[in-house]
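Biologist: Hey, got a minute to walk me through this one? I'd like to start with the overall layout and then move on to the ligand.

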Amino acid sequence: MAGRNHLYIPGPTNVPNEILNAMHITMEDHRSPAFPKLLTPLLEDLKKIFKTETGQAFVFPATGTAGWEVALTNTLNPGDKVLIYRFGQFSHLWAEMAKRLGFDVEIHQETWGKGIPLDKLEARLKEDSAHQIKAVLATHNETATGVTSDISGVRKAMNAANHPALLFVDGVSSIASLDFRMDEWAVDGAISGSQKGFMMPAGGAFLAFSQKALAATEACTYPRCFLDLRDQMTANKDGYTPYTPALPILYGLRKAIDMLLEEGLDNVFARHYRLAEGTRKAIAAWGLSICAQPGFESNTVTAIIVPEDKDARTVISTAFNKYNISLGGGLAELAGKAFRIGHVGDMNDVSMLGAIAGVEMALLDCGFDIKPGSGVAAAIEYYRATA
Ligand SMILES: *Cc1c(COP(=O)(O)O)cnc(C)c1O
């Protein structure tokens, strides 16, 4: 089909040409004296995206999933208790991983469409006076449901309970696109990946750890090798990596960080808010509802619920087959009931309108009772009024 396939999924996202070009390189000797000139400032500048000055940033040739594992296996001992709220496929998978790795996982089920319940968290931590819970696992942006949790509120709840657990945050679909403040929120382990807000291909796990987490790393008895933070720390100190780095990922990250800082993180966050808000206006104009409950709406992805007599999978396949656009599917219990529009990464008003127009055509094709142009019109009005 002529024209581009547009990715309106919440990852992988569209890769800007500047980043593609920066990644198109010949291989280099990663043990050369020149290599630290790339890696050392890169790791330093990555800290700016996480908003940490006191923490340390890391890059693993892996994906976000490995980032979860790095956090767990480098700081906790086998059998340690971790607490997680589960309200979507990604928080579910993180909990399952912790189980499979042999931790004692306390799972609290929360409605899909809501995020971490701060009052319940505080009450549970207060109850844990023996401090058996060693880590709280918080999914900042639940990509399956389009729900953003309040991480600053999680920190406040932990402080109110005077609880010393480590705070690990999955920021794979939030860091570099939604407001995230590692130091201010005293996050101990922040986990992200290359293919969402960082606008890169998959293949980089980007992490930052607090001094408290790094101290736990030294004492941790969990067996680990490839994902051992101590090896990274030893090699990174001199500007090297413990094994062959994914060089294109490092060059891509260099460009991505430069682009994000040039736009300004606050502008990046504001842009994601506007793109999301226009999408929500379009959805409201179609008379459809979203999975996220009020106050939890994500600015990187929106999950749209279809009426009971419809199957969201046909909307997605129609959009792909007829209009060459990719939408996100409903995951697990949302399969068939929801489809997702990603508004994360290298997007602007016009690319967002492309997504909205494509969805609108697919909805009409699938017999949805909507007025042609209604969603596009609502978004156009909003974008023009707020440009
Ligand atoms: C995409 C995503 C992941 C998984 O990342 P991979 O790079 O696919 O391993 C984890 N958590 C969240 C919230 C995500 O959006």
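Biologist: So what distance separates the centres of domain 1 and domain 2?

Modeller: Keep in mind that this is a predicted model. Taken over C-alpha atoms, the centres of the two domains are 28 Å apart.

Biologist: And where does each domain sit in the chain?

Modeller: The domain assignment puts 6-12 + 265-386 in domain 1. Domain 2 covers 17-262.

Biologist: How many residues are in contact between domain 1 and domain 2?

Modeller: There are 26 residues from domain 1 and 29 from domain 2 in contact. Between them the domains bury about 2,200 Å², with 65% of that on carbon and sulfur atoms.

Biologist: Which residues in domain 1 lose the most area to domain 2?

Modeller: That would be Leu 265, Phe 269 and Phe 296, which together make up 28% of what the domain 1 side buries.

Biologist: OK, switching to the ligand. Which helix gives the most to the shell around it?

Modeller: Helix α3, residues 64-75, puts in 3 residues. By class, the shell has 7 polar, 3 nonpolar and 2 charged residues. Among them are Trp 68, Phe 90 and Asp 170.

Biologist: Which side-chain atoms of Lys 196 does a ligand oxygen atom approach, and at what distance?

Modeller: An N or O atom in the Lys 196 side chain is 2.6 Å from an oxygen atom of the ligand. For Gln 195, again with a side-chain N or O atom, the distance to a ligand oxygen is 2.8 Å. Gly 64 uses a polar backbone atom, 3.0 Å from an oxygen of the ligand.

Biologist: How much of the ligand's accessible area does the protein cover?

Modeller: The protein covers 88% of the 380 Å² the ligand has on its own.

Key. Residues are numbered from 1 along each chain as its sequence is written. This is a predicted model: local features need pLDDT of at least 70, side-chain atom pairs count only at pLDDT 80 or more; totals for chains, interfaces and linings use all residues. Side-chain values use heavy atoms; hydrogens and water are left out. A residue is near a molecule or strand if one of its heavy atoms lies within 4 Å of it. A polar contact is a pair of N or O atoms within 3.5 Å; within protein, one must be able to donate a hydrogen and the other to accept it, and residues adjacent in sequence count only if both atoms are side-chain atoms. Accessible areas come from the Shrake-Rupley method with a 1.4 Å probe; for residues, only the protein chains shown count as cover. Helices (H or I, at least four residues) and strands (E, at least two) are DSSP runs, numbered from the N terminus. Ala, Val, Leu, Ile, Met, Phe, Trp, Tyr, Cys and Pro count as nonpolar, Asp, Glu, Lys and Arg as charged, and the others, Gly among them, as polar. Domain bounds come from an automatic or database domain assignment. Contact means heavy atoms within 4.5 Å. Buried area is the accessible area (1.4 Å probe) that two parts lose on being put together, summed over both.
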